[in-house]
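The questions below ask what lies behind some of the words used to describe a structure. Each answer sets a computed value beside the criterion that it has to meet.

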Amino acid sequence: MHDYRIPIGPQHPSGDEPSCLRVSLDGDTIIDSDLRFGYAHKGIEKLLEGKRIEQGLHIVDHICGICSVAHPSCYVRVIEKILRYEPPERIKYLRTMVSELGRIQSHIFWTGFMLHELGFETMLAYFLRDREHILEVLEKLTGNRSHFAYHKIRTVKNDVSESDIKFILSKIREVEKKIPVYMKTIRTDSVIKARMKDVGFIPRIESEKYSLVGPIARASGVKIDIRKDDPYEAYDQVDFELVREWDGDAYARMLVRMREILESINIIKQVLKNMPEGKVPLPVPLILEEGMGVGRVEAPRGENFHMIKIKRRKIDRARIRPPTFNFMSIFTKLLEGKKVGDIPVILASLDPCYACMERVVVIKDGKREVLTEDDFRHKYA
Amino acid sequence: MEEKRLKLKDFRQKMEKLRGHRLITISALDSSGCYHLLYHFDINGIKTFKVLIPEKKPVIQSIIDIFPSAEFYEREIHDFFDIEFKGNPRLHEKMFLPDDWEGKPPLLKDKK
């Protein structure tokens with residue numbers, strides 16, 4: 001029997017994100033696979049070189065539209081660590097609130113698209129409707145519907161007023177009401193269970209071996225959450241549960257994310273209740289001659305890591321390791337021995353965010369890019 | 001930033017000792033005359049181990065047998081810095097750069 005090597009993507013109806021997956025097949029079973037990235041390149045790490053620190057914050061904010069709270073939050077954490085600056089309590093609380101709002105909108109968006117991959121279009125429409133509530137809150141707070149740019153060095157973009165707090169509470173209550181209804185659907189629907197139970201199974205020991213982070217590791221029972229392990233912002237002052245499931249399959253990953261939405265709502269309520277009085281300072285120019293620092297935050301998809309080196313007041317080197325890049329190494333391993341039809345479900349259950357991952361490629365004009373489809377036609381057709 | 005310098009010849013031995021801890025990522029830096037490779041681990045906070053590699057012969061042993069998640073980090077660094085990781089089987093298959101990429105690796109500094 002022949003082995004067939006087929007490219008899936010970069011443009012493919014079952015993939016929302018551009019990547020090329022090359023799978024070798026024996027009949028319908030995958031025997032080997034490899035990933036190619038670089039189709040959503042922006043050259044962020046190179047762009048950051050030689051920029052001032054404030055300019056860097058603006059670029060970092062534009063890495064990704066979905067995680068656009070996590071990246072500035074991490075960048076600001078690293079810079080404040082180098083400066084040895086501790087922000088006022090009110091600033092910490094405001095940042096925590098926006099971080100959690102960002103997590104909720106990301107998780108709702110992902111759950112909708114996961115169900116869309118299974119052919120459950122109605123649920124996608126419902127989830128997008130509920131995400132709108134969160135986006136309205138974020139728009140009111142930050143002025144933007146994506147690329148929020150709320151975190152600033154030593155401060156935040158703007159303060160919240162009493163009327164804002166009422167508005168936020170009314171909107172998150174709307175979402176809070178809906179989540180148990182969806183949970184019931186997910187827990188009872190037989191199609192969802194048939195497509196997701198035991199698919200993309202990662203045992204706990206593998207999860208630890210592959211250094212997995214975020215909801216994927218937590219769905220395998222690993223106790224890992226940067227908000228608990230290495231608290232930042234005001235996470236050491238709020239009480240929340242580290243959500244874990246034990247099955248390690250695509251279904252468990254979905255349950256973890258759904259339950260985390262409720263936990264995030266719980267955090268926002270505590271933050272709004274206990275927010276200390278105070279002023280939001282205005283941003284002032286930053287003088288930082290030299291320094292190097294590392295830092296991490298819990299992005300919606302897991303640990304987000306930044307390393308920044310500053311030399312002569314400019315960024316000399318920035319290294320950004322978003323969570324998606326961390327779990328791509330297990331994706332190819334997960335596919336081995338599986339059927340072609342499971343590829344979209346496994347990929348979607350990992351919640352990849354390629355915009356975050358592909359930060360570094362620079363392709364100059366006039367350079368020809370070799371498409372794997374052509375490659376395929378020449379070699380195998 | 002907590003940083004510990006490792007010698008190139010003791011590198012594998014130290015990595016064996018760290019087996020079981022979580023590798024966060026590997027970062028590479030282009031400095032004058034050498035490359036810095038920073039291995040960030042999660043050991044009660046972020047602990048960094050620094051290895052210096054000479055620019056003329058940038059070769060280091062791969063650690064994917066100890067930390068399988070290092071595979072893509074090493075391939076990324078190979079794409080952008082042209083550092084050779086001995087023992088990584090898919091190192092030369094380009095991951096981010098186009099297959100017909102010519103010219104110097106994009107993240108190297110302009111040295112004049």
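**Strand pairing in chain B**

In this predicted model, B:Lys4 has B:Phe49 in strand 4 of chain B as its bridge partner.

Q: What makes strand 1 and strand 4 of chain B a pair?
A: Two strands count as paired if at least two bridges are found between them, and strand 1 (residues 3-6) and strand 4 (residues 46-54) of chain B are joined over 4 bridges, in the parallel sense. The criterion is therefore met.

Q: How do you know that strand 3 of chain B also pairs with strand 4 of chain B, and in which sense do they run?
A: Strand 3 (residues 34-42) of chain B is joined to strand 4 of chain B by 9 bridges, and the two run antiparallel; the requirement is at least two bridges. Within strand 4 of chain B, B:Val51 stands opposite B:Leu37. The two strands form a hairpin with 3 residues between them, and in the turn B:Asn44 has a positive phi of about 50°.

**The sheets of chain A**

Q: Why are strand 6 and strand 8 of chain A called edge strands?
A: The open sheet to which they belong has 3 strands in the order 6-7-8 (chain A), with antiparallel pairing. Strand 6 and strand 8 of chain A each pair on one side only. Direction ignored, neighbouring strands of this sheet are turned by 15° against each other on average.

Q: How many bridges support the pairing of strand 7 of chain A with strand 6 of chain A?
A: Strand 6 and strand 7 of chain A pair in the antiparallel sense over 9 bridges, where at least two are needed. One of the residues concerned is A:Val294, whose bridge partner in strand 7 of chain A is A:Met307. Helix 3 (residues 70-83) of chain A packs on the sheet, where it touches strand 6 and strand 7 of chain A, and its direction makes about 145° with that of strand 6 of chain A.

Q: How many bridges join strand 7 of chain A to strand 8 of chain A?
A: These antiparallel strands are joined by 7 bridges, which again meets the requirement of at least two. A:His306 has A:Ile320 in strand 8 of chain A as its bridge partner. The hairpin of strand 7 and strand 8 of chain A has 2 residues between the strands, and A:Arg312 takes a positive phi near 50° there.

Q: Why is strand 8 of chain A described as largely enclosed by the rest of the structure?
A: A residue counts as buried if 20 or more other C-beta atoms lie within 10 Å of its own. Of the 8 residues of strand 8 of chain A, 6 are buried, so this strand is largely enclosed by the rest of the structure.

Q: What is the strand order of the open sheet that contains strand 2 of chain A?
A: This open sheet of 3 strands has the order 1-2-3 (chain A), and the pairing is antiparallel. Its edge strands are strand 1 (4-8) and strand 3 of chain A, each of which pairs on one side only, and the twist from one strand to the next averages 20°. Strand 2 (residues 20-26) of chain A is joined to strand 3 of chain A by 7 bridges, and A:Leu21 has A:Leu35 as its bridge partner in strand 3 of chain A. Helix 12 of chain A lies across strand 2 and strand 3 of chain A, running at about 160° to strand 3 of chain A.

**Helix packing in chain A**

Q: Why are helix 12 and helix 13 of chain A called roughly antiparallel?
A: Angles over 145 degrees count as roughly antiparallel. Helix 12 and helix 13 (residues 343-350) of chain A pack at about 155°, with their axes 11 Å apart, and the two helices are therefore roughly antiparallel to each other. The crossing is right-handed. Residues of helix 12 of chain A that meet helix 13 of chain A include A:Phe327 and A:Phe331, and the contact divides into 8 nonpolar, no polar and no charged residues.

Q: What makes helix 4 and helix 5 of chain A roughly antiparallel?
A: Helix 4 (residues 89-117) and helix 5 (residues 121-142) of chain A pack at about 165°, with their axes 8 Å apart. Since angles over 145 degrees qualify, helix 4 and helix 5 of chain A are therefore roughly antiparallel to each other. Their crossing is left-handed, and by class their contact has 16 nonpolar, 4 polar and 3 charged residues.

Note on methods:
Residues numbered from 1 in each chain as written. Chains lettered and ligands numbered in written order. Predicted model: local features only at pLDDT ≥ 70, side-chain atom pairs only at ≥ 80, totals over all residues. Axes fitted to C-alpha atoms, helices over the stretch in contact; angles between N-to-C directions. Parallel < 35°, antiparallel > 145°, perpendicular 65-115°, else oblique. Left-handed = near helix turned anticlockwise from the far one by under 90°. Contact = placed C-beta atoms within 7 Å. Nonpolar A, V, L, I, M, F, W, Y, C, P; charged D, E, K, R; others polar. Buried ≥ 20, exposed ≤ 12 C-beta atoms within 10 Å, placed from the backbone.
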